[in-house]
Amino acid sequence: MNLPIFYKDIKLEKNYRIDLFVEDKVIVEIKAVSDILPEHRMQLFNYMRLTKVKYGLLINFGEVVLHCERYIYDDDVNECYLVDKNLNRVNC
């Protein structure tokens, strides 16, 4: 799916192609790798920052057990935070 991107609140001509976008609220990045790497997280974070989408999921089908990480984007400080199972922010 193509998503518009913004830089300093200006919509750019370029679009990003993401794996899944749920109800204009959640970006889902899907992987099938043995381990999630920092580059995979940064890809999701860049999508979230550039599109101003607040919620993101990073799902990996390549591990023995399905691995999912939930993130929230804070536009005020331009940072993405890991969210734990109790919906608390965790600095990463």
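In which strand is Val-22 found? Val-22 belongs to strand β3, which covers residues 20-22. Helices (H or I, at least four residues) and strands (E, at least two) are DSSP runs, numbered from the N terminus.

The model is predicted, and local features need pLDDT of at least 70, side-chain atom pairs count only at pLDDT 80 or more, and totals for chains, interfaces and linings use all residues. Residues are numbered from 1 along each chain as its sequence is written, while side-chain values use heavy atoms and leave out hydrogens and water.

**The nonpolar core**

A nonpolar core is a set of buried Ala, Val, Leu, Ile, Met, Phe, Trp, Tyr and Cys residues joined through side-chain atoms within 4.5 Å. Buried means under 20% relative accessible area, exposed over 50%, and partly exposed in between (1.4 Å probe, protein chains only). The largest such core has 13 residues, and the members that touch the most others are Ile-18, Phe-21, Ile-27, Leu-44, Met-48, Tyr-71 and Cys-80. At least two residues of this core come from each of α1 (38-51) and β6 (67-74). Helix α1 gives the largest share, four residues.

**The aromatic pair**

There is one aromatic pair in the structure. Rings of Phe, Tyr and Trp (its six-membered ring) pair if their centres lie within 6.5 Å; planes under 30 degrees apart count as stacked, over 60 as edge-to-face and the rest as tilted. The ring centres of Phe-45 and Tyr-71 are 4.9 Å apart and the planes stand at 75°, so this pair is edge-to-face. Because Phe-45 lies in helix α1 and Tyr-71 in strand β6, the pair ties together parts that are 26 residues apart in sequence. Both Phe-45 and Tyr-71 are buried.

**Cysteines**

The structure contains zero disulfides (pairs of cysteine sulfur atoms within 2.5 Å). Cys-68 is partly exposed, at 41% relative accessibility, whereas Cys-80 is buried, with a relative accessible area of 6%.

**Positive phi angles**

Most residues other than glycine have a negative phi. Lys-52 has a positive value, and so has Asn-78.

| Residue | Phi | Loop | Relative accessible area |
|---|---|---|---|
| Lys-52 | near 65° | between α1 and β5 (55-60) | 33%, partly exposed |
| Asn-78 | near 55° | between β6 and β7 (79-83) | 38%, partly exposed |
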